[in-house]
Amino acid sequence: MGDIVNYLLNQDGSGVIESVDKRKNYISRKAPKIKGSLQRGERLEQIVAANIDNLVIVTSIRQPEFNNKMLDRLLVAAESSHINIIPIINKIDLDENDESVFWQDLYKNIGYDLYRISVKEGKGIDKLLKTISGKKSLFWGPSGVGKSSLLNKLFPHLELKVGEISDWSNKGKHTTVTSVMNRIDESTFVIDTPGMRELEPYGIRKEDLSHYFIDFQSYINHCKFNTCTHHHEPNCAIISAVENEEISEFRYESYLNMLNNIEDDMNF
Ligand code: GDP
Ligand code: ZN
């Protein structure tokens with residue numbers, strides 16, 4: 001999806017792909033586990049999309065409840081792929097306590113411009129439309145956050161199917177994964193990933209993980225050990241920064257959570 005190919009056109013109109021251009025970037029994930037097909041611990045890399053400008057990460061404040069750890073996993077995936085990130089919290093019409101403002105501030109301090117939107121009330125849509133015009137954007141988000149509703153609001157002619165609210169609690173069900181590229185005009189494309197629930201970044205090593213937490217960058221070189229995993233080591237600059245509230249505890253928890261998952265994979 002999204003690769004640029006050079007092809008020869010046959011007289012009957014069919015084409016033969018001659019070569020695939022080098023990808024500017026690509027976003028991949030660990031392929032879902034398929035029972036019996038692989039040894040334990042072996043996970044293949046699945047390319048989701050190539051040559052994209054923006055990763056639009058759609059979440060919601062309620063129904064389903066905002067999950068900052070999931071957003072951080074997606075941010076890491078995008079940072080490791082060198083793709084511009086547009087994080088979104090949708091359904092702010094359900095946000096009675098302005099929790100989305102808290103998260104917006106937290107991510108703004110880190111350097112991310114998080115959009116608060118409501119598809120239902122049409123809030124924040126125009127700004128998003130401007131940002132993605134003339135670009136190729138991959139939309140990603142867990143089921144039920146309003147991704148299809150948002151794409152329909154932005155581009156009504158897409159007429160994507162909007163799910164029932166109960167869909168998002170139905171996690172056990174296996175859904176076929178496909179990504180669909182929609183051409184909006186000659187320079188605007190949106191790639192939809194219906195049914196893709198998980199995005200576990202592929203191929204990130206334990207010692208590299210902290211490089212994809214952009215708020216950790218100015219501290220990393222000040223740890224005592226250059227192999228520091230910022231977990232338990234003495235004189236760790238990251239741990240000190242968390243204690244001094246220079247790095248958010250939420251982000252540090254996400255980091256530890258991901259670090260732990262990488263270790264689990266390697267110990268299989
Ligand atoms: P998707 O699975 O992410 O594509 O989510 P859908 O677009 O299918 O929407 C899931 C449910 O959330 C539907 O019932 C939508 O009507 C609802 N929904 C979408 N956007 C909003 C919003 O801004 N506010 C509220 N309250 N509900 C929304
Ligand atoms: Zn450290």
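Colleague: What spacing do the donors of the zinc ion (ligand 2) follow along the chain?

Modeller: In this predicted model, the spacing is C-x4-C-x1-H-x5-C.

Colleague: Which protein atoms are the donors of the zinc ion (ligand 2), and how do you know that they count?

Modeller: They are Cys223 (SG), Cys228 (SG), His230 (ND1) and Cys236 (SG), lying 2.1 to 2.4 Å from the zinc ion. A donor is an N, O or S atom within 2.8 Å of such a metal, so these atoms qualify.

Colleague: What makes the arrangement around the zinc ion (ligand 2) tetrahedral?

Modeller: Look at the angles: the 4 donor atoms subtend 100 to 116°. Four donors count as tetrahedral if all angles lie between 85 and 135 degrees, so the name fits. For comparison, the ideal angle for four tetrahedral donors is 109.5 degrees.

Colleague: Where do Cys223 and Cys236 sit?

Modeller: Both are in the loop between helix H5 (217-220) and helix H6 (237-243), 13 residues apart. Cys223 and Cys236 are also buried, a word used for under 20% relative accessible area.

Colleague: Now to the sheet. Why are E7 and E9 called edge strands?

Modeller: The 6 strands run in the order E7-E6-E5-E8-E10-E9 in an open sheet with mixed pairing. Strand E7 (115-116) and strand E9 (180-183) each pair on one side only.

Colleague: How do you know that E6 and E7 pair?

Modeller: Pairing takes at least two bridges, and 2 bridges join strand E6 (residues 84-90) to E7, so they pair, running parallel. Ile89 stands opposite Arg116 in E7.

Colleague: Which strands does helix H4 lie across?

Modeller: Helix H4 (residues 147-154) lies across E5, E6, E8 and E10, at about 150° to E8.

Methods
Residues numbered from 1 in each chain as written. Chains lettered and ligands numbered in written order. Predicted model: local features only at pLDDT ≥ 70, side-chain atom pairs only at ≥ 80, totals over all residues. Heavy atoms only, no water. Helix = DSSP H or I, 4+ residues; strand = E, 2+ residues; numbered from the N terminus. Contact = heavy atoms within 4.5 Å. Axes fitted to C-alpha atoms, helices over the stretch in contact; angles between N-to-C directions. Donors = N, O, S within 2.8 Å, 3.2 Å for Na, K, Ca; no water. Tetrahedral: all angles 85-135°; square planar, octahedral: opposite > 155°, others 65-115°. Buried < 20%, exposed > 50% of the residue type's maximum accessible area, 1.4 Å probe, protein only.
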